[in-house]
Amino acid sequence: MNYNILLALLIIVFGVSCDSQKTVVSTAPSAPPMVLKKNQKPKNIILLIGDGMGLTQITAGMYSQGNSSELERFKCIGLQKTYADNDVITDSAASATAFSCGVKTYNNAIAVDKDTMPVKSILKYAQDNNMSTGLVATSTIVHATPACFFSSNKSRRNYEEIAVDMIGSGVDFFVGGGKKFFDRREKDERNLISELENDGYYVSHFAEQDIQELTPSLDKKFGYLTADKDPIPVSGGRDYLIPASKMALEYLDAKSKDKGFFVMIEGSQIDWGGHANLLDYVVSEFIEYDKVIGMALDFAEKDGNTLVIVTADHETGGLAIQPGSTMDSLKAAFTTTKHSGTMVPVFAYGPGANNFQGIYENTEIFEKMKALLQSEE
Ligand code: MG
Ligand code: ZN
């Protein structure tokens with residue numbers, strides 16, 4: 001037997017592994033990707049969504065900070081197709097429904113299918129497994145991306161209805177903007193902050209104290225509202241994403257004990273920089289989010305039993321880096337103030353990360369995560 005044949009046989013028997021945790025045995029190339037061994041399943045899942053974070057946004061952010069990004073630490077990389085059920089160009093609602101619930105739906109849909117029937121999110125499946133759950137965003141907490149994990153609504157614009165869905169959601173930890181949708185509502189007189197307190201939450205907000213002054217008690221669920229409406233850009237002084245993300249990981253890890261946790265942390269405003277066609281806005285939001293990615297990887301490396309997935313919901317702006325650029329001075333061109341239809345990258349690290357290689361539908365992010373939930377057989 002010559003060396004090449006031996007090598008080919010070894011690859012067939014052992015699979016090509018980019019999972020740094022341990023050698024994964026038995027994944028022949030033709031095996032169905034959803035067949036997983038118990039020991040491949042992570043305890044915790046950290047899902048990081050850079051809204052509008054396409055490959056060019058990543059490239060621009062990486063070049064702008066000395067040709068370096070935390071994303072270079074990943075070895076398992078794939079691509080996902082972002083199109084919606086009714087449009088090649090997805091919005092953040094249809095795409096978040098796809099990766100949170102596993103269904104292709106129409107633009108504007110919050111965790112409902114194309115017939116407006118509610119569908120169940122990965123966060124709810126995690127709760128079925130007694131995992132702790134959390135959501136952190138630099139948009140309002142009722143904005144499309146986080147909303148698709150705890151709410152179902154036929155329209156992303158029904159912010160007050162989406163806020164009501166936080167009551168009884170069981171989400172252990174949430175941080176984001178949009179206080180007015182909780183306590184200064186237009187459609188009714190309800191004070192959802194009081195209702196959350198009655199539902200076992202400690203709730204605070206930007207007008208009371210800085211989040212960094214808080215130490216959440218494990219006896220209560222935790223909610224913190226960072227702005228009345230949309231939080232400001234990081235370049236304008238927003239500074240809660242990193243401490244809130246650190247707090248989320250520590251709180252959920254301590255609270256979940258052996259059951260594990262699921263958390264989604266969104267860099268919401270990379271998208272807003274794309275809509276505004278402002279490269280500096282895109283890059284500054286990416287650079288902050290890159291630190292969150294690094295923090296999640298540090299946690300996962302230390303923990304050894306945590307899966308980190310980083311992806312986007314879609315690309316925004318049709319961004320290109322133009323001839324005449326230098327790494328210090330990028331010349332950007334945008335082709336639209338809307339989203340574009342390009343595939344977006346998926347980066348995975350930890351137990352089960354192998355499953356995120358390849359080219360697949362955005363709905364498969366949900367399928368892969370669900371198959372990896374610990375007690376899911
Ligand atoms: Mg978003
Ligand atoms: Zn957008």
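Lys120 is partly exposed in this predicted model, because its relative accessible area is 37%. A salt bridge joins Lys120 to Asp128, with the closest N and O atoms 2.5 Å apart, and Asp128 likewise counts as partly exposed, at 47% relative accessibility. Beyond this pair, the briefing covers further charged contacts, the two metal sites and the aromatic contacts.

**Salt bridges**

- The count of salt bridges comes to 18, and one of them is formed by Asp85 and Lys114, whose closest N and O atoms are 3.8 Å apart.
- That pair links distant parts of the chain, since Asp85 belongs to the loop between strand E2 (76–81) and helix H3 (92–101), whereas Lys114 belongs to the loop between H3 and helix H4 (122–128), 29 residues apart.
- Asp85 is partly exposed, its relative accessible area being 37%.
- Arg238 forms a salt bridge with Glu285, and the closest N and O atoms of this pair are 2.8 Å apart.
- Arg238 is located in the loop between strand E6 (221–225) and H9, and Glu285 in helix H11 (residues 279–303), so their contact ties together parts of the chain that are 47 residues apart in sequence.
- Both ends of this salt bridge fall under the 20% limit for buried residues: Arg238 is buried with a relative accessible area of 5%, and Glu285 counts as buried at 2% relative accessibility.
- Glu70, Arg73, Asp298 and Glu301 are joined into one network by salt bridges that share partners.

**Magnesium ion (ligand 1)**

- The protein donors of the magnesium ion (ligand 1) are Asp51 (OD), Thr145 (OG1) and Glu266 (OE), which lie 2.0 to 2.2 Å from the ion.
- Along the sequence, the donor residues of the magnesium ion (ligand 1) have the spacing D-x93-T-x120-E.
- Asp51 lies in the loop between strand E1 (44–50) and helix H2 (55–64), while Thr145 lies in helix H5 (residues 144–150), so this pair of donors ties together parts that are 94 residues apart in sequence.
- Asp51 and Thr145 are both buried.

**Zinc ion (ligand 2)**

- The coordination of the zinc ion (ligand 2) comes from Asp271 (OD), Asp271 (OD), His275 (NE2) and His339 (NE2), at 2.1 to 2.3 Å.
- The angles subtended by the four donor atoms around the zinc ion (ligand 2) run from 57 to 152°, which makes the arrangement irregular; a tetrahedral assignment would require all angles to lie between 85 and 135 degrees.
- The donors of the zinc ion (ligand 2) follow the spacing D-x3-H-x63-H along the chain.
- Asp271 and His275 are separated by about one helical turn, because they stand four residues apart in helix H10 (residues 270–275).
- Asp271 counts as buried at 4% relative accessibility, whereas His275 is partly exposed, with a relative accessible area of 31%.

**Aromatic pairs and cluster**

- A search of the whole structure finds 11 aromatic pairs, among them the tilted pair of Tyr159 and Phe181, with 5.1 Å centre to centre and 40° between the planes.
- Tyr159 is part of helix H6 (residues 159–164) and Phe181 of helix H7 (residues 180–183), so this pair ties together parts that are 22 residues apart in sequence.
- Tyr159 and Phe181 are both buried.
- Another tilted aromatic pair is formed by Phe173 and Tyr251, at 5.5 Å centre to centre and with 45° between the planes.
- Because Phe173 lies in strand E4 (residues 173–177) and Tyr251 in helix H9 (residues 241–256), their pair ties together parts that are 78 residues apart in sequence.
- Phe173 and Tyr251 are both buried, and together with Tyr202 and Phe222 they form one aromatic cluster.

**Charges over rings**

- The charged end of Lys368 sits over the ring of Tyr360, at 4.4 Å from the ring centre.
- The charged end of Lys370 sits over the ring of Tyr125, at 4.9 Å from the ring centre.

Terms used
Residues are numbered from 1 along each chain as its sequence is written. Chains are lettered from A and ligands numbered from 1 in the order in which they are written. This is a predicted model: local features need pLDDT of at least 70, side-chain atom pairs count only at pLDDT 80 or more; totals for chains, interfaces and linings use all residues. Side-chain values use heavy atoms; hydrogens and water are left out. Donors are N, O and S atoms within 2.8 Å of the metal (3.2 Å for Na, K and Ca); water is not among the atoms, so sites may look incomplete. Four donors count as tetrahedral if all angles lie between 85 and 135 degrees; four count as square planar and six as octahedral if opposite donors are over 155 degrees apart and all others between 65 and 115; anything else is irregular. Helices (H or I, at least four residues) and strands (E, at least two) are DSSP runs, numbered from the N terminus. Buried means under 20% relative accessible area, exposed over 50%, partly exposed in between (1.4 Å probe, protein chains only). Rings of Phe, Tyr and Trp (its six-membered ring) pair if their centres lie within 6.5 Å; planes under 30 degrees apart count as stacked, over 60 as edge-to-face and the rest as tilted. A charge sits over a ring if NZ of Lys or CZ of Arg is within 6 Å of the ring centre and within 35 degrees of the ring normal. A salt bridge is a side-chain nitrogen of Lys or Arg within 4 Å of a carboxyl oxygen of Asp or Glu.
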